[in-house]
Amino acid sequence: MNDDPKIPIRPTKPKPRARSFVIALVLLGLTFWAAIKVSFNLSTFWEVWSNPIWAKFWPIPWDWVLTKENTFDPLIETLQIAVASTLVGCLLALPVSFAMSSLTTPNKVVYFFSRSIMNLVRAVPDLFWAKLLVTAIGIGAFAGAWSLTIFSLAVMVKLFSETVDAADPKPLEAARSSGAKHLPAVRTGVLPTVFPSYVAYSLYIFELNIRASVVLGLVGAGGVGRVIETQRQFFRFDRILGLLVIIFVIVWIIEQISVSLRKRLV
Amino acid sequence: MQNLSETQATVERPLPPKTFHLWLIAVPLLVAIVWSVTGLNITLSRLLDAPGDAWTILRQMIPPAFGEVYERGAVGKVFESVYIAWIGTIIGALISLPLAFLAAHNVAPIWIRSPIRQLFNAIRAVPELILAVVLIPVTGLGAWAGTLAIGLHSIGTLGKWACESIEDIDDGPVEATKACGGKWVNGMRWGVLPQVMPIVSSYWLFRFEINVRASAVLGMIGAGGVGSELVSQLSFRNFPAASAVLLMTMAVVLTIDTISAAVRRRIIKGAEIDEESKNLEAIADLTGIRA
């Protein structure tokens, strides 16, 4: 066909390998199996939207929602959980992060243990921590604050130890070569260069904690989620919707403040 | 000699730069701590008792009763969480991909992209757990509620990530399809999709890892999966069984994380990613909540 040597032959498409077929088939089979297991059914999509229960979400009873004991006291408790756990978690994270960074770790044993423990802590979702602590030390905001403290510690050390890893090693070397011991060397050689990102990450953790503390109450760990859980049991979805609107307005405002602070820091 | 001492006298040690007053930060922080701690009814005795209580529970958790929870079908529950996460991710991926094309500023007009962006933002603002609280009365308890909550919530993040990677593409191939007379759809199919598919599919996998954790948590309020098992064991105060469930969940989470991370590295080998912002997103998703 293509006799003219000036026109190049169209390159042929590479043939798919047998392995790709097998992988695709396995994934497809797994998907179907999973879909059956979660009772996936396309028609349920429409059933969900046409369910008459949506009418129970409306109208919002604002005179019930906008009261001190129903919304604002629990919301303040939520804020207090978030503030306390952020402060404690991030303060604890500072020394642990330095122990977890290859640049500033005092020795290999500390490095290894802190890393593996923190990885295990992070493998447990935050609400599992909340439920565990509620069982261990009692229902209420105290358990919630502890669980968020543990979780913010685990998340913060992951973020911040990577920043410490990437810090400029030269000031540290300079401090060491002038005879400084380990702690003063880290304090003057590394801390000043990474401190802005420490504060920025702390603010970020605060945003996460605000959001997490809203749902803590669903497992009995205090805050505004407790009210949602109670109203859920009474099937007062209109009240839940009203609560959610207030929560998200307030969470959004706090977040905007925190985000603008973080932008100025980094 | 005299000369030297004169020169030395003129060299002064530089003054330390004026810094922010420390107490300006310390005082508000102290106030914040006092305010939050008083609100939480933390008394000294509770604070001192807490480690002891936690230790008592921890001691009862060892050894974990794997046999007992196996007979109760906890393995099936763990896998149910994985199924929920998988189908939820697929729902999120399939819905978010076309929407992402309509939200990217280099391929979509403003009147369509701003409402879709707002939709992504609004979805990301609501935690999965809250979505499930709203969905459970409609769908009933069970895996389908969790799947829908995760699917809906994944649309927000996956849409945002896909939209950002579409905005980062090289415009050449899109122009080439236009020059050949291709329509908008052809440009998307042959100019954009091949460029973004590797990174977008790795985002899907990443979201799947996050969704496994999220679906485990969703079970706690009855939306299917392993969370319900943990809650019931803990409320029976059957701690060996609870720790077995916990360890099984951790094992599955860590295994899926490792496999998925390896596949993702393989897919985007050599591709440039903004490491820090990805970490932030990762943490956001790991906790099931977003900034």
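User: How do you know what surface chain A exposes, and which atoms supply 70% of it?

Analyst: Chain A exposes about 14200 Å². Carbon and sulfur atoms supply 70% of that area. Accessible areas come from the Shrake-Rupley method with a 1.4 Å probe; for residues, only the protein chains shown count as cover. This is a predicted model, where local features need pLDDT of at least 70, side-chain atom pairs count only at pLDDT 80 or more, and totals for chains, interfaces and linings use all residues. Residues are numbered from 1 along each chain as its sequence is written, chains are lettered from A and ligands numbered from 1 in the order in which they are written, and side-chain values use heavy atoms, with hydrogens and water left out.

User: What is the accessible surface of chain B?

Analyst: For chain B the figure is about 14900 Å². Carbon and sulfur atoms hold 67% of it.

User: What makes up the pattern of chain A?

Analyst: Chain A has 12 helices and zero strands. Helices (H or I, at least four residues) and strands (E, at least two) are DSSP runs, numbered from the N terminus. Chain A therefore reads α-α-α-α-α-α-α-α-α-α-α-α.

User: Why is chain A called more spread out than a compact globule?

Analyst: Its radius of gyration is 27 Å, well over the 18 Å that the globule rule gives for 266 residues, so chain A is more spread out than a compact globule. The radius is taken over C-alpha atoms, and the rule is 2.2 Å times the number of residues to the power 0.38. Along its principal axes, the C-alpha trace of chain A spans about 80 × 70 × 35 Å.

User: Why is Phe237(A) called buried or exposed?

Analyst: Phe237(A) has a relative accessible area of 2%. Buried means under 20%, exposed over 50%, partly exposed in between (1.4 Å probe, protein chains only). Phe237(A) is therefore buried. In chain A, 50% of the 266 residues are buried. In chain B, 48% of the 291 residues are.

User: Why is the pair of Phe235(A) and Phe237(A) called stacked, edge-to-face or tilted?

Analyst: The structure holds 11 aromatic pairs over all chains. Phe235(A) and Phe237(A) lie 6.1 Å apart, centre to centre, with 70° between the planes. Rings of Phe, Tyr and Trp (its six-membered ring) pair if their centres lie within 6.5 Å; planes under 30 degrees apart are stacked, over 60 edge-to-face, the rest tilted. This pair is therefore edge-to-face. Both rings belong to one aromatic cluster with Trp54(A) and Phe57(A).

User: What makes the pair of Trp161(B) and Phe206(B) tilted?

Analyst: Trp161(B) and Phe206(B) have 35° between their planes and 5.7 Å between their centres. The pair links distant parts of the chain, 45 residues apart: Trp161(B) sits in helix H8 (residues 143-167) of chain B, Phe206(B) in helix H10 (residues 184-218). Both residues are buried.

User: Why do the phi of Phe235(A) and the phi of Arg237(B) stand out?

Analyst: Most residues other than glycine have a negative phi. Phe235(A) has phi near 60°, and Arg237(B) about 55°. Neither Phe235(A) nor Arg237(B) is a glycine. Phe235(A) lies in the loop between helix H11 (225-233) and helix H12 (237-265) of chain A. Arg237(B) lies in the loop between helix H11 (227-235) and helix H12 (239-267) of chain B. At 48% relative accessibility, Arg237(B) counts as partly exposed.

User: How do you know whether the peptide bond from Ile62(B) to Pro63(B) is cis or trans?

Analyst: Its omega is near 0°, and the bond is cis. Most peptide bonds are trans. Pro63(B) is found in the loop between helix H3 (44-60) and helix H4 (66-71) of chain B.
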